[in-house]
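Morning, everyone. I'll take a few minutes on one structure, from charge pairs to empty space. Please have a look at it first.

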Amino acid sequence: MSQTKSPDKTQDHSTNTKQDATTSHVSPWLVRLVYPLGRHLVLPFYFGKIEVRGRENLPKDNPVIFAPTHRSRWDALMLAYAAGRDITGRDLQFMVSIDEMKGVQGWFIRRLGGFSVDPKHPGISSLRHGIELLEEGKVLVIFPEGNIFRTEEIQPLEPGLARIALHAETDQPGLGIKIVPIQIHYSQPVPHKGCDVDIHIGSPLSVADYCHKPVKGCAGKIRGDLRQALQDIGWG
């Protein structure tokens with residue numbers, strides 16, 4: 001997800017139509033088909049060793065934001081492999097760049113919990129939907145660096161993730177939203193057949209711990225701590 005602006009709750013949305021509302025949907029039959037197929041056939045066939053560490057850090061309940069690094073279009077499948085419904089019993093719902101919602105890929109993303117955001121002009125509807133999902137206790141995936149980067153260095157994080165988390169937590173105090181840092185590392189800068197993958201799940205950050213200052217200051221603190229957490233977990 002690229003740079004976003006925080007939702008303005010005083011804005012008049014009376015002119016919005018139903019078509020303007022952002023929604024997302026997880027197709028149960030498609031999840032039951034795609035996840036096992038990916039886990040047991042597609043990913044083992046294409047990749048070498050796939051190692052997942054830190055599953056004990058995955059919250060069993062509470063609203064959750066997965067905050068993974070973004071190094072490849074394979075990342076969404078790797079997240080499902082590491083922490084999808086067949087592992088945690090919880091569906092993943094993705095905030096995805098509108099550019100990735102095209103063609104066959106887009107068809108699957110929309111039916112596996114994905115909804116789009118325009119990184120250049122993020123709409124209030126997409127941001128509000130992210131808040132709604134957290135208030136409903138769901139697992140939301142946001143790539144905090146915004147785009148795919150072919151580097152080992154953690155990039156500066158965009159503000160949208162922190163603002164969405166803070167708005168949801170302050171709307172409903174006591175939600176207990178957790179942000180889980182996740183490093184996805186490929187043994188090749190552009191993954192090719194046979195490359196290895198290391199997925200490291202770090203300790204969650206508790207959003208409630210940041211709700212004691214103005215939102216802007218709290219969001220900056222979350223971004224700094226999350227980036228540090230992503231750097232610390234590494235893959236060594």
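One definition before we start: a residue is buried under 20% relative accessible area, exposed over 50%, and partly exposed in between. Lys138 shows how that works: its relative accessible area is 33%, so Lys138 is partly exposed. And please keep in mind that this is a predicted model.

Let's stay with Lys138. Its side chain meets that of Glu136 in a salt bridge, 3.4 Å from N to O. Glu136 comes out as exposed, at 52% relative accessibility.

Now the charge pairs in general. Side chains of opposite charge can pair when their charged atoms come close. How many salt bridges does a search of the whole structure find? Six. You have just heard one of them, Lys138 with Glu136.

Next, Arg85 and Asp91. These two form a salt bridge, with the closest N and O atoms 2.7 Å apart. Arg85 is partly exposed at 37% relative accessibility. Asp91 is partly exposed too, at 23%.

The third pair is Asp198 with Arg53. Their side chains meet in a salt bridge at 2.8 Å, N to O. Why does this pair tie together separate parts of the sequence? Asp198 lies in strand S7, residues 197–201, and Arg53 in strand S1, residues 50–53, so the bridge links parts that are 145 residues apart in sequence. Are the two partners buried or exposed? Asp198 is buried, at 11% relative accessible area. Arg53 counts as partly exposed, at 21%.

On to the cysteines. A disulfide is a covalent bond between the sulfur atoms of two cysteines. How many disulfides does the whole-structure search find? Zero. Take Cys211. Cys211 is in no disulfide, and the nearest cysteine sulfur, that of Cys218, is 6.2 Å away. The cut-off for a disulfide is 2.5 Å between the sulfur atoms. Cys211 is partly exposed, with 27% relative accessible area. Cys195, by contrast, is buried, at 1%.

Now the inside. The largest nonpolar core has 35 residues. Which residues have the most contacts inside it? Phe66, Met78 and Ile199. Several elements give two or more residues to this core, among them H1, S1, strand S2 (64–68) and H2. Strand S5 (139–141), strand S6 (178–186) and S7 are also on that list, as is S3. Which element gives the most? H2, with six residues.

That leaves the empty space. Rolling a probe the size of a water molecule over the atoms shows where empty space is left. We start with the largest pocket. Its volume is about 550 Å³. Of the 23 residues that line this pocket, Arg73, Ala76, Leu77, Gln105 and Ile109 are the closest to its centre. Helix H1 (28–46), helix H2 (75–83), strand S3 (92–97) and helix H4 (103–111) each give two or more residues to the lining. By class, the pocket lining has 14 nonpolar, six polar and three charged residues.

Then the cavities. The structure holds two of 30 Å³ or more. The largest cavity has about 60 Å³ of space. Its lining includes Val34, Tyr35, Gly38 and Arg39, together with Leu77, Tyr81 and Asp86. H1 and H2 each supply at least two residues of that lining. H1 gives the most, with five. The lining of the largest cavity divides into six nonpolar, one polar and two charged residues. Note Leu77: this residue lines the largest cavity, and Leu77 is also among the residues closest to the centre of the largest pocket.

The second largest cavity has about 50 Å³ of space. Among the residues that line it are Leu58, Pro59, Phe66, Arg90 and Val139. You met Phe66 before, as one of the residues with the most contacts inside the largest nonpolar core. This second lining has seven nonpolar residues, one polar and one charged.

One last residue, for the backbone fans. Asn62 has a phi near 70°, a positive value in a residue other than glycine. Where does Asn62 sit? In the loop between S1 and S2. Asn62 is partly exposed, with a relative accessible area of 31%.

That's my tour. Over to you for questions.

Notes: Residues are numbered from 1 along each chain as its sequence is written. This is a predicted model: local features need pLDDT of at least 70, side-chain atom pairs count only at pLDDT 80 or more; totals for chains, interfaces and linings use all residues. Side-chain values use heavy atoms; hydrogens and water are left out. A salt bridge is a side-chain nitrogen of Lys or Arg within 4 Å of a carboxyl oxygen of Asp or Glu. Helices (H or I, at least four residues) and strands (E, at least two) are DSSP runs, numbered from the N terminus. Buried means under 20% relative accessible area, exposed over 50%, partly exposed in between (1.4 Å probe, protein chains only). On a 1 Å grid over the protein atoms alone, a cavity is a set of points where a 1.4 Å probe fits but cannot get out, and a pocket is an open set with protein on both sides within 12 Å along at least five of seven lines; lining residues have an atom within 4 Å of a point. Grid points are joined across faces, edges and corners, and a volume is the space filled by probe spheres set on the points. Ala, Val, Leu, Ile, Met, Phe, Trp, Tyr, Cys and Pro count as nonpolar, Asp, Glu, Lys and Arg as charged, and the others, Gly among them, as polar. A nonpolar core is a set of buried Ala, Val, Leu, Ile, Met, Phe, Trp, Tyr and Cys residues joined through side-chain atoms within 4.5 Å.
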